[in-house]
Amino acid sequence: MTKPVDAATPVERRLLQSIVEVARHVFGAAASSVFLIDPETGDLVFEAVAGEGDGQLVGTRFPAGTGIAGWVAASGQSMLVDDLRESRHFSGEAAASTGYVPDSIMAAPLFGDDECVGVLEVLDRGADGVREMADVELLGLLADQAAIGLELLTRLRAAGPDNRSDKALRLLEMAESLLAPTHG
């Protein structure tokens, strides 16, 4: 694991932070995180963390293909592993380097333009984690919302102020005000 990188803008990071906080709350999990894929290196970069590790992991990166997140990013498929000791995809070494080694992980890919751009993970779901397929589907929906939100912010930003429609500009301003640090 190497540190740090600052790939996401503050508004994008705030959007991702709200997604991981919702995911952690919905699943009663010990932690939730979003990795984005660095387009130049393929590395997985922690962009938002809620719960265990939330104070020190943002900006940390792992090489492409590392652990469950690496498998989900490469395959584009969601994964649920309730006993990580049984998973050949789990990297105990990578987890130990974060300071927290979970017992279970649920992960879903984030797609932008038909390409996996990141992974949303939930670590150690709460005791109510018995709805396995429904939980994986719900995590996939949260991942889709995160990816759509990121894509919208990226497109609005790329259009530049002179090329944004009034509606798009209002939407961007609304998103930025909702995600402003004073609200979080």
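Which side chains meet in a salt bridge at 2.9 Å, N to O? They are those of Arg 61 and Asp 38, and the points below take up this contact after a short account of the fold, with the reminder that the model is predicted.

1. Overall fold. The protein chain contains five helices and six strands, and along the sequence these elements follow the pattern α-β-β-β-α-β-α-β-β-α-α. Of the 184 residues in the protein chain, 47% are buried.

2. The contacts of Arg 61. Arg 61 lies in strand E3 and Asp 38 in the loop between E1 and E2, so their salt bridge ties together parts that are 23 residues apart in sequence. Arg 61 also forms a salt bridge with Asp 43, where the closest N and O atoms are 2.7 Å apart; this second pair again links distant parts of the chain, with Arg 61 in strand E3 and Asp 43 in the loop between E1 and E2, 18 residues apart. Arg 61 is buried, with a relative accessible area of 11%, and the two acidic partners are buried as well, Asp 38 at 17% and Asp 43 at 16% relative accessibility.

3. Salt bridges elsewhere. The count for the structure comes to six salt bridges. One of them joins the side chains of Asp 135 and Arg 125 at 2.5 Å, N to O, and this pair links helix H4, which holds Asp 135, to the loop between E6 and H4, which holds Arg 125, the two residues being ten apart. Asp 135 is buried at a relative accessible area of 2%, and Arg 125 likewise counts as buried at 12%. Salt bridges that share partners, by contrast, bring Asp 38, Asp 43 and Arg 61 into one network.

4. Strand E1 and its neighbours. Six of the seven residues of strand E1 (residues 31–37) are buried, so E1 is largely enclosed by the rest of the structure. E1 runs antiparallel to E2, to which it is joined by seven bridges, and in this pairing Val 34 stands opposite Ala 48 in E2. The hairpin of E1 and E2 has six residues between the strands, and Gly 42 there takes a positive phi near 85 degrees. E1 also pairs in the antiparallel sense with strand E6 (residues 115–123), over six bridges; here Phe 35 stands opposite Val 119, while Leu 36 stands opposite Gly 118.

5. Strand E6 and the E5–E6 hairpin. Seven of the nine residues of E6 are buried, so this strand, too, is largely enclosed by the rest of the structure. Eight bridges join E6 to strand E5 (residues 105–112), and the two strands run antiparallel; among the paired residues, Gly 112 has Glu 115 in E6 as its bridge partner. Two residues lie between E5 and E6 in their hairpin, and Asp 113 in the turn has a positive phi of about 55 degrees.

6. Aromatic contacts. The structure holds three aromatic pairs. In one of them, the rings of Phe 46 and Phe 62 have their centres 6.1 Å apart and their planes at 65 degrees, so the pair is edge-to-face. Phe 46 lies in strand E2 (residues 44–51) and Phe 62 in strand E3 (residues 61–62), so the contact ties together parts that are 16 residues apart in sequence. Both rings belong to buried residues, Phe 46 having a relative accessible area of 5% and Phe 62 one of 7%. Phe 35, Phe 46 and Phe 62 form one aromatic cluster.

7. Helices H1 and H4. H1 has 18 residues and reaches 26 Å from its first C-alpha to its last, close to the 26 Å expected at 1.5 Å a residue. Its buried residues include Leu 15, Leu 16, Ile 19, Val 20 and Phe 27, and the helix is followed by Gly 28, whose phi is positive, near 55 degrees. Val 22, Val 26, Leu 138 and Leu 141 make a nonpolar surface patch of about 300 Å², to which helix H1 (10–27) and helix H4 (132–163) each give two or more residues. Leu 138 is found in helix H4 and is partly exposed, with a relative accessible area of 30%. Ala 143, also found in helix H4, counts as buried at 0% relative accessibility; Ala 143 and Glu 121 are 22 residues apart in sequence and 9.1 Å apart in space, C-alpha to C-alpha.

Technical notes: Residues are numbered from 1 along each chain as its sequence is written. This is a predicted model: local features need pLDDT of at least 70, side-chain atom pairs count only at pLDDT 80 or more; totals for chains, interfaces and linings use all residues. Side-chain values use heavy atoms; hydrogens and water are left out. Patches are made of residues with over 30% relative accessible area and no salt bridge: like charges are joined within 9 Å, nonpolar side chains (Val, Leu, Ile, Met, Phe, Trp, Tyr) within 5 Å. Accessible areas come from the Shrake-Rupley method with a 1.4 Å probe; for residues, only the protein chains shown count as cover. A salt bridge is a side-chain nitrogen of Lys or Arg within 4 Å of a carboxyl oxygen of Asp or Glu. Helices (H or I, at least four residues) and strands (E, at least two) are DSSP runs, numbered from the N terminus. Buried means under 20% relative accessible area, exposed over 50%, partly exposed in between (1.4 Å probe, protein chains only). The expected span of a helix is 1.5 Å times one less than its number of residues. Rings of Phe, Tyr and Trp (its six-membered ring) pair if their centres lie within 6.5 Å; planes under 30 degrees apart count as stacked, over 60 as edge-to-face and the rest as tilted. Two strands pair if DSSP finds at least two bridges between them.
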